[in-house]
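Q: Please take a close look at one part of this model and describe how its strands and the helix beside them fit together. A connected account would suit me better than a list.

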Amino acid sequence: MRPGAIVIPISQDVRHSNEYSPDLLADRLMKLFGAGGDAIEHDLTVERRLSAIIQDFFGMARVSTDVQVRSLNEMFNNSRIPSAPADVEGYIDDLYEKVIRHSINTSSPRYVGHMTAGVPHFVWSLGKLITALNQNVVKSETSKSFTPVERQSLAMIHRLVYDFSDAFYDGHTQNRNSTLGIMTSGGTLANITALWCARNSLLRPVRNFRGVENQGLPAALKHYGFKGAVVIGSSLMHYSLSKAADVLGIGAANLIKIPAGPDGRINLPALEKAVAECRSRDLKIIAIVGIAGTTDTGAIDPLPQMADIARRGRIHFHVDAAWGGPFLFSNEHQHKLAGIQRADSVTIDGHKQMYLPMGTGMLLLRDPGAARFIEKHARYIVRPGSVDLGRRSLEGSRSAGALFLHAALHVIGREGYGLLIDEGMRRAKYLADAVKFRPQFELLALPQLNILVYRYIPEQLRAKARTKDLTRSENLRINQINTRLQKLQRNAGRSFVSRTTLDTTCYGSDTPIVALRAIVANPLTTEADIDLVLNEQALIASNLSRT
Ligand SMILES: Cc1ncc(COP(=O)(O)O)c(C=O)c1O
């Protein structure tokens with residue numbers, strides 16, 4: 001253990017006792033649920049232990065230990081359920097040793113590789129509150145005051161995107177028949193829900209037809225005179241849209257992917273052509289999907305032009321702003337998302353650039369009535385006319401995680417988020433300049449948001465890389481080096497940058513280019529951390545080139 005680290009007593013294994021008589025066991029279980037009045041004191045003991053563990057974990061000046069997942073698997077191979085109960089402290093000690101120490105410090109300033117960063121500390125306490133109260137926002141009877149909190153939080157984000165009038169929000173925010181947005185466990189479910197609303201609205205019930213939700217897709221298409229259904233977006237759509245096409249019966253093969261250009265933006269003439277072709281082949285276009293922040297490079301599609309195309313064709317326009325949405329908070333950068341307010345639906349992830357815990361996804365709906373097409377009822381809850389949020393949600397039981405969003409909108413506020421975004425962009429620019437300045441690296445795309453793709457170039461190929469004259473086989477060799485470099489950096493655990501493969505570079509789609517992918521969002525990442533990450537990469541790569 002590092003000098004100065006907090007010493008946490010570690011048990012060899014979770015302490016199980018087989019000495020419980022049935023009475024003792026019953027007594028113990030009651031205590032676990034708080035009987036006997038000493039629950040608070042017990043909780044404080046556990047809390048102190050957890051605080052020490054968390055402090056120790058964050059005190060590690062590393063992203064992770066160098067222990068590899070393969071060796072951790074061994075510790076979790078036993079599938080027998082322990083028969084006797086363990087004491088909570090012992091369990092936590094064991095957890096610390098086997099799990100927590102080896103988890104990823106996503107808060108580390110040198111962890112700049114994925115869309116996950118640390119959370120502000122006030123949400124730790126809110127997490128405890130949410131777990132303790134254990135509200136279920138599927139229905140008002142298990143959440144009551146949390147239902148309006150969720151609705152208000154969604155209305156605030158709706159306003160950020162659409163900025164309708166005060167009268168609009170006065171009329172819809174708490175109106176049980178209006179749905180300004182739907183909380184989801186993430187961007188994936190938000191994207192699926194968006195296309196679900198679009199599909200059900202387009203193939204809705206009429207006269208003697210009970211709608212796609214009752215009759216199924218083949219019957220609905222037949223009824224409306226279509227030969228198939230498609231969704232159209234760029235080749236850089238997040239893979240959650242394939243899941244959406246799959247679960248909605250559209251079929252992942254009918255997700256039409258229009259090539260993106262070297263700037264990562266959809267090719268508009270190709271989009272128009274695809275729309276016209278679908279029309280001529282009697283294919284129903286369920287939605288056109290625009291991306292505000294592609295997963296790989298943070299590129300933003302030309303949203304205003306896509307909105308025009310969608311409007312001309314009377315097609316649902318969905319914008320996946322899971323990553324880019326919070327740029328709307330920034331006065332300096334919100335112009336990059338111009339056109340988003342013309343979308344019929346928008347996905348934003350709170351657990352990405354709003355620094356909220358996992359599980360804070362959102363779908364915003366321009367038309368407060370759009371979600372009525374997915375409404376479902378049951379006799380015991382979500383009855384017609386109820387205020388239950390579960391009436392219009394793909395998920396059933398859900399936690400009151402909207403409280404994280406609600407709290408952050410108050411505690412950080414619009415200006416606070418604006419500043420966090422501006423700072424992220426400033427540091428992404430610093431990284432771009434640092435990459436350009438170092439001859440070892442090649443910048444693969446100018447950052448539109450705070451995601452940067454670049455790669456290491458071995459010395460003997462640098463001149464050709466500068467003039468973009470590398471051959472396919474040279475590029476493939478460089479790919480191998482960058483793949484190994486990224487793995488070595490990851491496995492060493494001191495810093496982290498992710499990797500992806502691009503087919504939108506100047507080398508064309510037949511030459512996939514392995515890119516190092518940095519995401520500069522952690523507010524604690526400094527310019528010195530960025531230099532350190534790059535220096536470590538340069539060192540690993542130069543050692544690699546020598547072997
Ligand atoms: C653009 C985009 N959309 C959707 C998603 C899916 O979000 P989640 O992982 O929260 O389901 C991601 C995740 O990275 C994303 O980058």
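A: What follows is a description of one sheet and its surroundings, with two other parts of the chain added afterwards. The model is predicted, and the account below should be read with that in mind.

The part in question is an open sheet of four strands, arranged in the order 8-9-11-10 and paired in antiparallel fashion. Strand 8, which covers 441-443, and strand 10, which covers 498-502, are the edge strands, and each of them pairs on one side only. From one strand to the next, the twist averages 40°. Within this sheet, strand 9 (residues 451-456) and strand 11 (residues 513-519) run antiparallel and are joined by four bridges, and Tyr 454 has Leu 516 of strand 11 standing opposite. The sheet also has a helix packed on it, namely helix 18 (residues 527-546), which touches strand 8, strand 9 and strand 11 and whose direction makes about 25° with that of strand 9.

One residue of strand 11 deserves separate attention, and that residue is Arg 517. Its relative accessibility is 5%, and Arg 517 therefore counts as buried, since the cut-off is under 20%. Although Arg 517 and Ser 498 are 19 residues apart along the chain, their C-alpha atoms are separated by 5.0 Å.

Another strand pairing is found elsewhere in the chain, where strand 1 and strand 7 (residues 361-365) run antiparallel and are joined by four bridges; here Ile 182 stands opposite Leu 363 in strand 7. In a regular strand the side chains alternate between the two faces of the sheet. In strand 1 (residues 181-184), Gly 181 and Met 183 point one way while Ile 182 and Thr 184 point the other way, and all of these residues are buried.

A helix pair completes the description. Helix 12 (residues 268-280) packs against helix 13 (residues 303-312) at an angle of about 15°, and their axes are 11 Å apart. Because angles under 35 degrees count as roughly parallel, helix 12 is roughly parallel to helix 13. The crossing in which helix 12 passes helix 13 is right-handed. On the side of helix 12 the contact involves Leu 268, Leu 271, Glu 272 and Val 275, which meet Gln 305, Met 306, Ile 309 and Arg 312 in helix 13. Sorted by character, the residues of this contact between helix 12 and helix 13 comprise five nonpolar, one polar and two charged.

How values were computed
Residues numbered from 1 in each chain as written. Predicted model: local features only at pLDDT ≥ 70, side-chain atom pairs only at ≥ 80, totals over all residues. Heavy atoms only, no water. Pairing = 2+ DSSP bridges. Helix = DSSP H or I, 4+ residues; strand = E, 2+ residues; numbered from the N terminus. Axes fitted to C-alpha atoms, helices over the stretch in contact; angles between N-to-C directions. Contact = heavy atoms within 4.5 Å. Parallel < 35°, antiparallel > 145°, perpendicular 65-115°, else oblique. Left-handed = near helix turned anticlockwise from the far one by under 90°. Nonpolar A, V, L, I, M, F, W, Y, C, P; charged D, E, K, R; others polar. Buried < 20%, exposed > 50% of the residue type's maximum accessible area, 1.4 Å probe, protein only.
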